[in-house]
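Reader: I have a structure in front of me and would like to learn how to read it. Could you take me through some features, one at a time?

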Amino acid sequence: MAKKIAETLTPLEEVLDYKFNNKLYLLEALTHVSYNEINACYQRMEFLGDTVLDILIVCHIFKSNPHLEPGKLSDLKSSLVRNSTLAKICTNQKLYHFLKYDNPELYNVLARFYSNFTEDQLSKWANSYSMGLVVVPNIEEDTLEEQPVFDLEYKVVQTPKILGDIVESVIGAIYLDSGEDMNTVWRVIWPWFEPYYSYYSQNPNKDPKALLHELYPSMKANQEKIDHYLTKATVKITDRTTRKTYKFVTIDRQRDVALDVSFERAFMFHQKYFANSQ
């Protein structure tokens, strides 16, 4: 049964540009514990792939940046292996299409996430370099004239962790299948990471909050409990030229998420309207 299911992964080999000697490694890397057709789970492969990826990324940035101080090396590495970056790689490589699972909750998580995007919006997000939480397309509703209150109930603002996990598990599968050949693994995965490396090596990792504090020293942020469950987070920035203030209000059950989303909205707003004028 397992070998028959593994044969369905042949199209993915073409996407990865790697042909497995033993497709059962790849099948294990893409199998959630809830999938009862076979006795496998991706988590061991993820554990292995996480370490393999760290070693390869660290070696590359260390050799490629001989004059970069340790703190910035760490920031660059963090940018490349964080879940938001891996989730974009997962989407670009279409790994999630091949995930084997039988779990209604996981189905809902993935369906809610991807249903937020049109095909063009998904491609735009997957090839962007923002590391913030906000991924819902209606972020475009923020305009110079209006910044609506965002209620995040039933909206997705974080990439599902499993998307990053299966990138690492597939890396683990390639490592084992290639006879533990790190050079082969690097040949396969470097094209996935190269665009992000090129960008982040020139644009140091800073979160939207830190960037906004540099751009708008007078920025104000606060949180207010609405009721027992919900928190309202507000971020205000003032245009230096017009002195007009723009307010970004987000409501969510998780106070930290609400505030992070407000910061991300404000930063995206700045990029869209003011980045070229400062």
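Reader: Which side chains meet glutamate 224 and lysine 232 in a salt bridge, and what is the idea behind such a pair?

Author: Side chains of opposite charge can pair when their charged atoms come close. In this predicted model, the side chains of glutamate 224 and lysine 232 meet each other in a salt bridge, at 3.7 Å from N to O.

Reader: Are glutamate 224 and lysine 232 buried, exposed or partly exposed?

Author: Glutamate 224 has a relative accessible area of 42% and is therefore partly exposed. Lysine 232, with 27%, is partly exposed as well.

Reader: How many salt bridges does the structure hold, and which residues do shared partners join into one network?

Author: The structure holds 8 salt bridges. Glu7, Glu13 and Lys23 are joined into one network by salt bridges that share partners. One of the bridges is between lysine 23 and glutamate 13, where the closest N and O atoms are 3.5 Å apart. Lysine 23 belongs to helix α3 (residues 23-29) and glutamate 13 to helix α2 (residues 10-16), so this pair ties together parts that are 10 residues apart in sequence. Lysine 23 and glutamate 13 are both buried.

Reader: Where do lysine 161 and aspartate 165 lie, and what is the N to O distance of their salt bridge?

Author: Both residues are in helix α9 (residues 161-177), with 4 residues from one to the other, about one turn of the helix. Their side chains meet in a salt bridge of 2.9 Å, N to O. Lysine 161 is exposed, because its relative accessible area is 54% and exposed means over 50%. Aspartate 165 is at 7% relative accessibility, so it counts as buried; the cut-off for buried is under 20%.

Reader: Back to glutamate 224 and lysine 232. What is the bridge partner of glutamate 224 in β3?

Author: The bridge partner of glutamate 224 in β3 is lysine 232. The two residues that meet in the salt bridge are thus also partners across paired strands. Strand β2 (residues 220-225) and strand β3 (residues 231-238) run antiparallel and are joined by 6 bridges. They form a hairpin, with 5 residues between them. Another pair across these strands is lysine 225, which stands opposite threonine 231 in β3.

Reader: What is on the other side of the pairing, between β3 and β4?

Author: β3 pairs with β4 in the antiparallel sense, over 8 bridges. Threonine 231 stands opposite aspartate 252 in β4. β3 and β4 also form a hairpin, with 6 residues between them, and arginine 243 in that turn has a positive phi of about 65°. As for burial, β3 is mostly covered, since 6 of its 8 residues are buried.

Reader: In what order do the strands form the sheet, and is the sheet open?

Author: The sheet is open, with 4 strands in the order β1-β4-β3-β2 and mixed pairing. Its edge strands are β1 (150-151) and β2, each of which pairs on one side only. β1 and strand β4 (residues 245-252) run parallel and are joined by 2 bridges. There, phenylalanine 150 stands opposite threonine 250 in β4. Helix α12 (residues 255-273) packs on the sheet and touches β1, β2, β3 and β4, and its direction makes about 150° with that of β4.

Reader: How is a pair of helices such as α5 and α6 to be read, and at what angle do their axes cross?

Author: Two packed helices are described by the angle between their axes and the distance between the axes. The axes of helix α5 (residues 70-81) and helix α6 (residues 83-92) come within 5 Å and cross at roughly 40°. α5 and α6 are therefore oblique to each other. On the α5 side the contact is made by Ser79, Leu80 and Val81, and on the α6 side by Asn83, Thr85 and Leu86. These contact residues divide into 3 nonpolar, 3 polar and no charged.

Reader: A last residue: in which helix is threonine 184 found, and which residues does it touch?

Author: Threonine 184 is found in helix α10 (residues 182-202). Leaving out residues up to four places away in sequence, threonine 184 touches Tyr18 and Ser178. Its relative accessibility is 19%, so threonine 184 counts as buried.

Notes. Residues are numbered from 1 along each chain as its sequence is written. This is a predicted model: local features need pLDDT of at least 70, side-chain atom pairs count only at pLDDT 80 or more; totals for chains, interfaces and linings use all residues. Side-chain values use heavy atoms; hydrogens and water are left out. A salt bridge is a side-chain nitrogen of Lys or Arg within 4 Å of a carboxyl oxygen of Asp or Glu. Buried means under 20% relative accessible area, exposed over 50%, partly exposed in between (1.4 Å probe, protein chains only). Axes are lines fitted to C-alpha atoms, for helices over the stretch in contact, and angles run from 0 to 180 degrees between N-to-C directions. Angles under 35 degrees count as roughly parallel, over 145 as roughly antiparallel, 65 to 115 as roughly perpendicular and the rest as oblique. Contact means heavy atoms within 4.5 Å. Ala, Val, Leu, Ile, Met, Phe, Trp, Tyr, Cys and Pro count as nonpolar, Asp, Glu, Lys and Arg as charged, and the others, Gly among them, as polar. Two strands pair if DSSP finds at least two bridges between them.
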